[in-house]
There are 2 protein chains.
Amino acid sequence: MSRYVRNVQFWLSRALRCHSTTQTRTAFSNRALIRLSRGNNFGVTCASIGFRHASSATSYTGRTHLCGSLRNSHAGQKVVLCGWLQHSRQDQFLVLKDWDGAVQLVLTDEKRNEFSSLLDELRLESVLEVYGTVRTRPDGQRNEQMPTGDIEVLVSSLHILNSCQPQLPFDVKGFHEVKESLRMEHRYLDLRGGRLQRNLRIRSRMVMKMREFLANLNDFVEVETPTLFRRTPGGAKEFVVPSHIPGKFYSLPQSPQQFKQLLMVGGLDRYFQIARCYRDEGAKPDRQPEFTQVDLEMSFVGAEGVMSLVEDMLQHAWPSERGTIATPFKRLSYKDCMKQYGCDKPDTRFAWKLKNVTEMFKTHPVPAFSAVDLNKCSVQVLCIPDGCDHLSNKDIQEVTEHGKQHLPESLKVLSAKVKEEEVFSGSFAKQLKEETAMQLAATLGIKRDDLVFFSVGEQYDPHTALSKIRLRCADLMEDKGVKVRDPLQMNFLWVLDFPLFLPREDGGEGLESAHHPFTAPFAEDEALLNTHPERVRGQHYDLVLNGQEIGGGSIRIHDAHMQRYVIEDILKEDCSQLEHLLSALDSGCPPHGGIALGLDRLMAIICDAPSIRDVIAFPKSHDGKDPMSKAPANVSQSDLDSYHITVKPQL
Amino acid sequence: MSRYVRNVQFWLSRALRCHSTTQTRTAFSNRALIRLSRGNNFGVTCASIGFRHASSATSYTGRTHLCGSLRNSHAGQKVVLCGWLQHSRQDQFLVLKDWDGAVQLVLTDEKRNEFSSLLDELRLESVLEVYGTVRTRPDGQRNEQMPTGDIEVLVSSLHILNSCQPQLPFDVKGFHEVKESLRMEHRYLDLRGGRLQRNLRIRSRMVMKMREFLANLNDFVEVETPTLFRRTPGGAKEFVVPSHIPGKFYSLPQSPQQFKQLLMVGGLDRYFQIARCYRDEGAKPDRQPEFTQVDLEMSFVGAEGVMSLVEDMLQHAWPSERGTIATPFKRLSYKDCMKQYGCDKPDTRFAWKLKNVTEMFKTHPVPAFSAVDLNKCSVQVLCIPDGCDHLSNKDIQEVTEHGKQHLPESLKVLSAKVKEEEVFSGSFAKQLKEETAMQLAATLGIKRDDLVFFSVGEQYDPHTALSKIRLRCADLMEDKGVKVRDPLQMNFLWVLDFPLFLPREDGGEGLESAHHPFTAPFAEDEALLNTHPERVRGQHYDLVLNGQEIGGGSIRIHDAHMQRYVIEDILKEDCSQLEHLLSALDSGCPPHGGIALGLDRLMAIICDAPSIRDVIAFPKSHDGKDPMSKAPANVSQSDLDSYHITVKPQL
């Protein structure tokens with residue numbers, strides 16, 4: 001029996017069944033049941049239109065078309081539509097909407113009489129089922145603003161499938177002005193509004209194309225890895241999950257790193273997963289306690305192979321409504337990033353590069369830098385083109401303070417305005433010798449009304465300060481309507497040649513991994529592991545998009561001896577919790593590498609969304625709560641008893 | 001720059017870099033580095049073979065082919081292979097294996113000399129990179145057992161990428177005889193063995209095809225829903241996750257039920273997700289604390305639509321190596337299932353149906369049933385064809401006891417052997433009047449050596465007892481080599497017309513949901529909600545495959561009043577934790593329905609695996625532990641402090 005026949009039979013039987021129940025209405029049936037109104041000719045309609053589904057989006061249902069899909073070419077066709085009532089004018093013109101779009105319904109005088117009691121109780125956002133015939137709108141009534149504006153649907157029958165309450169917490173159509181907390185509390189209404197749903201649909205399609213690229217075009221195997229795992233060393237940001245064994249806890253992992261490496265040991269060859277990951281960072285803006293990674297790993301591959309694959313995957317999966325992207329992506333070494341932009345995830349959509357002008361100030365010292373040893377420190381300079389035109393003195397002061405927060409107490413950020421070519425103004429400018437000013441002007445290529453910031457300090461401190469100033473000035477100028485960056489431009493950048501180890505961030509002695517302890521060193525730096533580990537570069541690659549890190553990966557250590565040496569001898573950490581991984585590396589582990597892309601952030605950039613919350617169906621608020629269900633919530637002590645835990649009394 | 005050129009450049013640069021480091025070997029480099037051996041002609045090889053990838057499975061790497069892909073048609077081609085050493089004979093013939101298959105490598109005398117030191121240290125399961133030329137094997141040396149048995153690869157260069165430890169915990173090739181606990185402890189080795197990996201690859205491909213069916217062919221949107229949620233009413237089986245807010249916990253949900261309904265309210269129209277779900281059931285065989293559901297929901301759909309969609313999806317995604325499946329699937333009502341098979345998930349691959357013979361024993365009472373009121377009870381009978389041939393008296397006794405466990409203490413299961421047509425033997429048989437025996441023989445169509453079980457009791461008790469006996473006898477007879485079921489047969493069955501409510505399982509007064517409180521009643525039974533809720537049928541459908549429930553779904557209640565009535569007035573439960581759902585239903589919720597398929601169980605049946613652990617990459621053991629990483633594990637009190645919990649002292 002064909003699907004169509006079966007569906008028709010079902011809808012017919014439903015129609016008949018519903019029809020019979022109109023005689024025995026319950027308390028509910030007059031509100032919500034799929035039911036027939038008087039004079040309905042459901043069966044006839046189904047048969048006469050042959051019950052063909054116009055698109056894959058209406059298959060397996062009683063609908064024939066989506067509201068937004070109707071055009072002049074459908075004129076004369078009988079259709080069945082379902083959707084939400086958006087608008088009603090004089091009970092004669094109704095606007096019905098589904099996710100695909102909206103369409104105008106028209107009732108004849110006769111039908112308005114027939115459905116008068118139904119129309120009386122009809123509230124906006126109620127759910128309707130409509131039978132009717134498409135017709136071209138009369139001349140002069142076409143609506144060019146509406147994709148379906150050439151046609152309207154002459155209603156033959158109309159049914160309320162579910163009435164909406166009289167007063168929704170906010171207007172579904174006008175959600176933009178509503179506070180985010182209220183929108184999150186009624187997320188289902190915000191989703192119906194359109195913008196969020198569009199983001200989720202772009203996300204779904206893009207992820208599907210990534211899967212097709214990986215699984216169908218490149219023989220990757222999608223493998224689901226556990227989320228109830230064991231705490232990893234130093235896993236302070238891992239949520240714990242109590243078990244029924246007293247004192248024993250699972251942890252929710254921050255990434256499937258260990259599992260994907262073990263899959264390579266297992267000969268899986270090419271793994272990927274759209275992986276749910278967890279990070280307990282407490283309250284941080286634009287972070288979510290659970291998030292999604294496009295996680296992949298390959299055997300017998302080098303860094304070039306992984307990077308090429310990622311470029312091709314993104315190009316393949318890129319949403320057509322966002323144009324196309326060019327490959328290969330640009331590349332910068334970590335050092336060049338820091339030198340040119342002052343940070344390792346530069347926004348390269350605008351130039352504004354840093355310059356090192358230490359030598360000028362060595363030759364012509366100024367009082368402002370007199371406390372600083374310019375043999376140990378450097379002077380970095382940043383020129384904001386036309387900065388004086390757009391930034392007030394107050395702005396400059398605020399920006400300067402913002403930059404200084406990233407410098408040690410004693411050091412400063414200074415600014416100077418360019419009055420004429422080679423002529424600076426401001427209190428610091430007075431200290432500049434004419435020769436220095438000329439050199440600066442030549443080096444920076446400055447022009448009238450540019451704004452110049454100076455920063456001095458050790459290592460990358462002055463760069464970091466100017467990097468913050470660079471972004472802050474760009475934001476401020478954009479707030480004032482200056483176009484600094486093109487929001488539609490997609491500047492991908494690979495950042496390479498990171499150091500494998502960095503001095504410990506907590507100030508303690510020794511080194512810590514710049515990324516994680518499984519990253520392999522450059523082959524030519526291996527000898528340095530024993531002698532100068534701080535000089536070893538890692539085979540790590542970060543992917544940056546428009547100044548945001550959207551992915552990171554590396555070629556991994558596949559040698560058990562080297563892995564143990566790195567953990568025990570260099571990082572001075574305990575290997576006991578990683579013995580299973582070391583044992584695996586020693587059991588025929590192939591060379592391998594991979595990457596993880598932060599899907600939420602990537603989608604937020606693609607959808608031009610201000611927050612990752614806008615590309616997640618049900619996000620938590622910035623403090624980790626769900627305003628809709630009120631999670632997290634209390635759990636009774638008797639429930640906790642089975643996990644052998646109690647809540648500590650609060651003092 | 002094309003991929004190929006870039007890849008060649010990378011591999012060339014790698015070759016050169018590695019070559020230079022052979023002068024400065026570190027402690028690691030002689031074990032594990034990707035390095036060149038003497039006389040390597042890597043660059044030349046790459047250039048001469050044009051570095052074309054033979055398949056999508058080797059793209060982005062230095063390999064040209066998979067081991068198992070080589071055939072006579074490749075004769076004369078230069079290839080680069082990577083894999084694990086499986087076998088070595090006289091240092092002349094090596095067998096190299098990757099996931100795709102194995103191939104024989106041949107070394108000339110000259111090459112044996114050149115690589116003698118490398119060959120000396122070569123251990124099985126070490127990882128090799130091989131350069132060579134494919135050639136047809138000499139006559140008489142072809143191996144028809146091997147897919148690559150027509151050819152061999154004449155080695156020009158050979159490199160150990162990673163040596164394997166001398167003594168693995170078990171033989172990777174012979175894992176079948178190894179205890180599961182040891183295999184789980186070294187899961188990466190078990191994965192390399194082949195069988196598990198094959199299952200994971202079938203799973204990945206099948207899920208991909210399901211996605212294509214849903215997303216590409218039917219416009220479903222894949223939406224990720226949260227796993228950190230709020231405890232649901234009665235969610236005793238939900239893991240808790242402590243938060244930083246004192247006394248507040250997230251819960252890991254058993255399914256995305258609420259979210260998918262809210263997405264329908266949000267107008268998403270068609271949702272699916274391959275969803276990770278959690279159920280804390282402690283130690284249960286063949287259950288996993290985390291598992292995967294193919295979860296979907298549609299708006300404006302009836303039960304027929306969902307069932308048709310599922311049938312088409314499974315047919316579309318069915319692995320070709322497992323034949324094809326026919327649709328539509330067979331259907332049985334809950335009542336007919338119970339009457340015919342004694343359970344609601346019958347294995348219909350074999351007949352052996354139950355018969356109701358109460359009337360015979362009413363007419364001709366027997367002492368064995370004298371304590372029973374046959375006006376309230378029924379006598380059910382099950383005939384095992386040829387049962388006497390294969391089951392010993394001990395078997396029959398064991399089976400009888402097994403069945404009796406499902407009957408109240410006072411009731412019994414009885415058996416009788418068929419000696420000749422219409423002649424029963426055994427102690428119970430002596431009670432049977434000749435007329436009863438004749439009637440039984442006629443009703444059951446029994447023949448010599450059949451075995452007949454009788455069971456008496458109220459409602460479905462005798463059916464349940466016989467259902468257990470039915471399956472137990474089938475298992476026992478199959479253990480003895482009798483073919484009862486065809487393991488390759490796939491008997492899908494929809495079970496329909498379930499009651500919406502059942503008496504409470506804990507024996508308390510009142511009703512509980514047969515499935516869950518969101519299932520909609522049959523439209524024609526709605527009036528009964530107020531008067532006889534126990535007689536209301538639910539719009540629920542279970543999908544059964546070969547006697548195992550692999551999915552369940554329903555059309556949901558979309559009316560807020562009805563939902564509140566069901567929860568508060570019929571189930572006598574508190575609505576306060578579901579106010580957000582009720583409020584959503586009242587905000588323009590479309591009629592909707594869906595289903596969830598248990599992916600792990602489905603894959604286990606398809607892969608003919610004895611346990612769902614065999615279709616999961618890293619499963620937990622039956623007691624919820626991970627033998628590899630030793631999860632769950634201790635967590636320090638200082639880590640627990642930030643969650644405001646302590647472990648209760650054990651008495």
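**The interface of chains A and B, and a sheet in chain B**

In this predicted model, 158 residues of chain A are in contact (heavy atoms within 4.5 Å) with 159 residues of chain B. Local features need pLDDT of at least 70, side-chain atom pairs count only at pLDDT 80 or more, and totals for chains, interfaces and linings use all residues. Residues are numbered from 1 along each chain as its sequence is written, chains are lettered from A in the order in which they are written, and side-chain values use heavy atoms, with hydrogens and water left out.

Between them, the two chains bury about 14000 Å², 57% of it on carbon and sulfur atoms; this is the accessible area (1.4 Å probe) lost on being put together, summed over both parts. There are 10 salt bridges between chain A and chain B, each a side-chain nitrogen of Lys or Arg within 4 Å of a carboxyl oxygen of Asp or Glu. One of them links E222(A) to R211(B), at 3.5 Å from N to O. Helix α8 (residues 195-218) of chain A supplies the largest share of the side of chain A that touches chain B, 13 residues.

Strands also connect the chains. Strand β23 (residues 633-634) of chain A runs antiparallel to strand β8 (residues 248-251) of chain B, joined by two bridges, and N634(A) stands opposite K248(B). Strands are DSSP runs of at least two residues (E), helices of at least four (H or I), numbered from the N terminus.

Within chain B, five strands form an open antiparallel sheet in the order β12-β13-β16-β14-β15. Its edge strands are β12 (354-356) and β15 (423-425).

Conventions: Pairing = 2+ DSSP bridges.
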